[in-house]
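Please open the model in a viewer and keep the sequence panel visible. The tour below proceeds by selection, with a short account of what is found at each stop.

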Amino acid sequence: MSLDLTGRVRPSLVGFEPYDPAFTPCDVNLSANENTHELPAAVRAAIERALLSTPLNRYPDPLANELRDALAERHGLERSNVIVGNGGDEILFNLLFAFGGPGRTVLTCPPDFAEYANFGAMCEADLRFVPRSEVDFSIDEDALLAAAQDAALVILTSPNNPTGGLVPRSLVERLLTETDALVLVDEAYVEFAPEGASMVDMLAGHPRLMILRTLSKAFALAGVRCGYLLADAAVVNELSAIRQIYSLDVLAQATALAAIREREHLRPVIEDIVAERRRLSLLLGNIAGLEQWPSEANFILVRVPHASTVRQRLRDERSILVRDLSAAPGLADCLRISVGTRRENDLLVDALTALVGKETR
Ligand SMILES: *Cc1c(COP(=O)(O)O)cnc(C)c1O
């Protein structure tokens, strides 16, 4: 008989399941918003050199100071304003661990990144939601401002995953001046948004503002697990004190540092993904019965009749993987399609054109 842990597991953790990315090996994987382009040769070469010269017998620098310095320089900040984590996910967890917890209100605007609610619940935060418009996924600013009056932490995602839109700067400004909450702006996809979309420049003069970034999306390093937070030094100190000491291993630190230093070579890749997003969106517009929302990220949210069946047939008949979000509140019949290479996008459009509308449950 297997061990029965009922009554032993901390009550707030009962019922959680291991994360399932619903991954099936496919020829074309557009399901996880990864960068599917080949890494530019200069970046790959720099990473290989860095990895080959990294000793594996020594513990990592716990705070990854060399990497922090490079990131600080990228954003015109100081080392004391940067903390790195094992993916943005670790930082999100640590933020909720530190600033959530029993009796602390954490506010989000779903549909958004599912981890906010998961980590919030694990950390026993008092989670509250101000759902986005079901029509255009905009945020009801007055409702959010009202709800944020007694909030410990407000989390906004810009561009938002999975809906693709930006959060208005003026809304963040209002949250910072009209409430006493900490405000996290998750900018995991901001490299794909127009110049000026990032709110990093607002950090100066707004100590309660925090900005999350990751190397998993534009930098094409999802497998390396490196994310970082830009914030006031007091926030960085607090998170430094509670983090898993060696969460970023030496190989991840070396890889991230090389990629940040060579980031100019990634610019054409990002420009191509943005151009492909525009082209993909135009092509999707030709499919009768498909609804889509404008995106500033490297994915497009669409609604099609019988979305779950369409997703399954894409996978089984065409070996194309996309994300089925149709079970999430506000996202009935919605699929999230990452923008791939030109070839991948063409394959997807061909397949969707054949499947949408010719589908029965
Ligand atoms: C992908 C993503 C992250 C961070 O991902 P990591 O791979 O853990 O760095 C954070 N926020 C959003 C909204 C994301 O989509």
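A residue is called exposed when its relative accessible area is over 50%, buried when that area is under 20%, and partly exposed in between. The model under inspection is a predicted one.

**Stop 1: helix 7**

Select residues 233–242, which form helix 7, and colour Val235, Val236 and Leu239, the buried residues of this helix. These residues lie on the same side of helix 7, because they cover an arc of only 100° around its axis. Turn to the other side of helix 7, where Asn237 and Ala241 are exposed.

What do the buried residues of helix 7 pack against? Display helix 2 (65–75), strand 2 (82–85), helix 3, strand 7 and strand 8: these are the packing partners.

Before leaving, add aspartate 232 to the selection. Aspartate 232 caps the N-terminal end of helix 7, with a side-chain oxygen 3.0 Å from the backbone nitrogen of alanine 234.

**Stop 2: helix 4**

Next, select residues 114–122, which make up helix 4; Glu115, Tyr116, Phe119 and Gly120 are buried there. Their directions span an arc of only 130° around the axis, and therefore they fall on the same side of helix 4. Show helix 3 (87–99), strand 3 (105–108), strand 4 (126–129), strand 5 (151–157) and strand 6 (182–186), against which the buried residues of helix 4 pack.

Continue along the chain to glutamate 124, which follows helix 4 and has a positive phi, near 60°.

**Stop 3: proline 102**

Glutamate 124 leads to the next selection, since proline 102 touches both Cys123 and Glu124, residues up to four places away in sequence not being counted. Proline 102 is located in the loop between helix 3 and strand 3. Is this residue buried or exposed? Proline 102 is exposed, with a relative accessible area of 62%. For a distance across the model, draw a line from the C-alpha atom of proline 102 to that of leucine 166; the separation is 30 Å, and the two residues are 64 places apart along the chain.

**Stop 4: the ligand**

Centre the view on the ligand and display the 14 residues around it. Which of these residues come nearest? They are Gly88, Asp186, Thr214, Ser216 and Lys217.

Three side chains deserve inspection in turn:

- Threonine 214: an N or O atom of its side chain is 2.5 Å from an oxygen atom of the ligand.
- Asparagine 161: a polar side-chain atom lies 2.9 Å from an oxygen atom of the ligand.
- Lysine 217: an N or O atom of its side chain is 3.1 Å from an oxygen atom of the ligand.

**Stop 5: salt bridges**

The structure holds 21 salt bridges. Begin with aspartate 89 and arginine 225, which form a salt bridge whose closest N and O atoms are 3.8 Å apart. Aspartate 89 lies in helix 3 and arginine 225 in the loop between strand 7 (209–214) and strand 8 (227–230), so the pair ties together parts that are 136 residues apart in sequence. Both partners are partly exposed: aspartate 89 has a relative accessible area of 28%, and arginine 225 has 26%.

Move then to arginine 277 and glutamate 296, a salt bridge with its closest N and O atoms 3.9 Å apart. The pair ties together parts 19 residues apart in sequence, because arginine 277 lies in helix 9 (residues 267–284) and glutamate 296 in the loop between strand 9 (291–292) and strand 10 (299–303). Arginine 277 is buried, at 11% relative accessible area, whereas glutamate 296 is partly exposed, at 23%.

Also select glutamate 264 and arginine 267, whose salt bridge has its closest N and O atoms 3.0 Å apart. Arginine 267 is partly exposed, with a relative accessible area of 43%. Finally, select Arg74, Glu187, Glu191 and Arg213 together, as salt bridges link them in a network.

**Stop 6: arginine 323**

End the tour at arginine 323, in strand 12 (residues 323–324). This arginine is buried yet has no salt bridge. How far away is the nearest side chain of opposite charge? That side chain belongs to glutamate 34, 7.5 Å away. Instead, examine serine 31: the side chain of arginine 323 reaches its backbone oxygen at 3.2 Å. To complete the surroundings, display Tyr19, Pro21, Ser31, Ala32, Cys334, Leu335 and Arg336, which arginine 323 touches when residues up to four places away in sequence are not counted.

Note on methods: Residues are numbered from 1 along each chain as its sequence is written. This is a predicted model: local features need pLDDT of at least 70, side-chain atom pairs count only at pLDDT 80 or more; totals for chains, interfaces and linings use all residues. Side-chain values use heavy atoms; hydrogens and water are left out. Buried means under 20% relative accessible area, exposed over 50%, partly exposed in between (1.4 Å probe, protein chains only). Helices (H or I, at least four residues) and strands (E, at least two) are DSSP runs, numbered from the N terminus. The arc is that of the directions from the helix axis to the C-beta atoms. Contact means heavy atoms within 4.5 Å. Lys and Arg count as positive and Asp and Glu as negative; His and the chain ends are not counted. A salt bridge is a side-chain nitrogen of Lys or Arg within 4 Å of a carboxyl oxygen of Asp or Glu. A polar contact is a pair of N or O atoms within 3.5 Å; within protein, one must be able to donate a hydrogen and the other to accept it, and residues adjacent in sequence count only if both atoms are side-chain atoms. A residue is near a molecule or strand if one of its heavy atoms lies within 4 Å of it.
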